[in-house]
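Work through the exercises below with the structure open. Each task is followed by a solution in steps.

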Amino acid sequence: MAPPNQSSPHRVVVVGGGFGGLQACLKLARLPVEVTLVDRRNFHLFQPLAYQVATGAVSPAEICYPLRRIFRRRRNVRVVLAEVVGFDLAARRVALHDVALGTAPEALEYDTLIVSGGSQYSYFGHDEWQEYAAELKSLEGALTIRRRILEAFEAAELEPDPERQAELLTFVVVGAGPTGVEMAGQIAEIARDTRNEFRVIDTWQAKVLLVEAGERVLAAFPKRLSAKAEKSLGSLGVTSLTNHMVTGIDAEGVTIKSGEGEEKVPAGTVIWAAGVLAASVASKLAEAAGSEQDKVDRLLVEPDLTLPGYPDVLAIGDMVQVKGGDPLPGVAPVAMQMGRYAARSVRSKLRGGTSGPFKYKDKGNLATLGRARAIAELPPGIKVSGFLAWALWLGIHLWYLVGFQNRVLVFTRWGFSFLTHGRGTRLITGEQNMP
Ligand SMILES: Cc1cc2nc3c(=O)[nH]c(=O)nc-3n(C[C@H](O)[C@H](O)[C@H](O)COP(=O)(O)OP(=O)(O)OC[C@H]3O[C@@H](n4cnc5c(N)ncnc54)[C@H](O)[C@@H]3O)c2cc1C
């Protein structure tokens, strides 16, 4: 790769202000380069706490941070609010589409392009399920879930027919990975914590079903921790249906298939936390570069995270897998380490050098199950569960949350919730069934 022209600053375009893109920009900001960060949202979303918005534990602004504010003191970083709609890799240009008030942004030119578009939920070819089973990938998704959960309790309180009341108080979470498990645990806690607020229904009668096609919950964890998690969920009132597959979702509920046949389960609220696909921007980039994608649309990148044949284009985070390498999980630390690596490789390029292959440092795996319950697997093979794992989970999430103010606010909210069993943001907002 030829060293860049020294007369004008090296232009780096970063697509996506999520975990990978943000880390890349923060590191690039310290280099003599001109950075343009383009995202279709004007904020960074801390996805690991999206389920807490969905269950009224924290408010949306506490887990988001405006991208402009993050870079306010970094004069070499420009933030552009736009949707990336295409790439011309020969001309080194990124095509944009406006997302704000019909302004037509010009295409961005780059010397190095870093793309970190993330992933999206996949409904396994049943996009029609999305209408009935909201997902947690976006802030809007989290708020829709919050409204549906809270409305279900309200509707049940007013429902005279006991059968319909029981249906309204049935919550189905599809997928028992960390997100599904966290959601199910939190819904069970809402039911437990709000018992004295309702006059007609007994919220403890709420059924929370966690449906998982695989043979255990939290399959990425060792069997022993998985078993502990299932037991802990059971004690919270969550019924784990492993080896059960959802084969249909509609306005009435879900159809579940198991070894015993198919069963229709009427449910007031269904939440989707199952399959994931790479974001659509990955396919646009693959099309432009003629690159390979795997079966969940992730781009197959070289060990230095560049696209085959395009040394000036790096793709990182959830939307990639390294060709021939060990499969990497779709988690924030992978995206963050890739983002920092991408910035370091720009630095090497400026110095006329090259980068070695990207190496992921696995710092462990954590999942929380509810108040003071979590499991953790830390290298080298240390397994922790219960309060200690939960305290670790709290500390790590607070540490990585963007913005000092957000950390203080979330810490304060968690403190209050822990002591009072309250949830400060149980608000029904958004599209309601009003005349
Ligand atoms: C509910 C949930 C819970 C999770 N919990 C955990 C957890 O506890 N621990 C953990 O490690 N990981 C967790 N993850 C996974 C983690 O959030 C992801 O691995 C991480 O966000 C990936 O970072 P990324 O940069 O690849 O993508 P993202 O962080 O998703 O960022 C992608 C960015 O690209 C932008 N973008 C996408 N397409 C375009 C386009 N065409 N034009 C402009 N902008 C675009 C998006 O707006 C977004 O800002 C969770 C994920 C979810 C959904």
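**Exercise 1. A pair of strands**

Which residue is the bridge partner of Val12 in β2? The model is predicted, and the solution reads it as it stands.

Step 1. Find the two strands: β1 covers residues 10–15, and β1 pairs with β2 in the parallel sense. Six bridges hold this pairing in the assignment.

Step 2. Go across from Val12 to β2; the partner there is Val35.

**Exercise 2. The sheet around that pair**

State the strand order of the open sheet that contains β1 and β2, and name its edge strands.

Step 1. The sheet has eight strands, in the order β7-β6-β5-β2-β1-β8-β21-β20, and its pairing is mixed.

Step 2. At the edges are β7 (108–109) and β20 (306–307), each of which pairs on one side only.

Step 3. Now add a helix: α9 lies across β1, β2, β8 (112–115) and β21 (310–315). The direction of α9 runs at about 170 degrees to β8.

**Exercise 3. Two domains**

Into which domains is the chain divided, and which part of domain 1 gives the largest share of the side that touches domain 2?

Step 1. Domain 1 takes in 10–121 + 276–350, while domain 2 takes in 130–274.

Step 2. The C-alpha centres of domain 1 and domain 2 are 33 Å apart.

Step 3. Contacts join 13 residues of domain 1 to 17 residues of domain 2. On the domain 1 side, α2 and β9 (119–121) each supply at least two residues, and α2 has the largest share, with four residues.

Step 4. Sorted by class, this side of domain 1 has ten nonpolar and three polar residues, with no charged residues.

**Exercise 4. A parallel sheet**

Give the order of the open sheet of five strands, and explain why β10 and β13 each have one side without a neighbour in the sheet.

Step 1. The order is β10-β17-β11-β12-β13, and the pairing is parallel.

Step 2. β10 (133–135) and β13 are the edge strands and have a single partner strand each, so one side of each lacks a neighbour in the sheet. From one strand to the next, the twist averages 25 degrees.

Step 3. Look at two pairings. Strand β11 (residues 170–174) is joined to β17 (residues 269–272) by four bridges, with Phe171 opposite Thr269. Strand β12 (residues 207–212) is joined to β13 (residues 238–242) by five bridges, and here Glu212 stands opposite Thr242.

Step 4. Follow the chain from β12 to β13: the path goes through helix α7 (residues 223–236), and this β-α-β crossover is right-handed.

Step 5. Place α7 on the sheet. The helix touches β12 and β13, and its direction makes about 140 degrees with that of β13.

**Exercise 5. The ligand shell**

Which residues come nearest to the ligand, and which domains supply the shell around the ligand?

Step 1. There are 33 residues around the ligand; Gly16, Gly18, Gly20, Gly118 and Gly317 come nearest.

Step 2. Domain 1 and domain 2 each give at least three residues to the shell.

Step 3. Elements that each supply at least two shell residues include α1 (19–28), β2 (33–39), α2 (50–54) and α6 (178–193).

Step 4. By class, the shell has 15 nonpolar, twelve polar and six charged residues.

Methods
Residues numbered from 1 in each chain as written. Predicted model: local features only at pLDDT ≥ 70, side-chain atom pairs only at ≥ 80, totals over all residues. Near = placed C-beta within 6 Å. Nonpolar A, V, L, I, M, F, W, Y, C, P; charged D, E, K, R; others polar. Domains from an automatic or database assignment. Pairing = 2+ DSSP bridges. Contact = placed C-beta atoms within 7 Å. Axes fitted to C-alpha atoms, helices over the stretch in contact; angles between N-to-C directions. Right-handed = clockwise from strand over helix to strand, strands pointing away.
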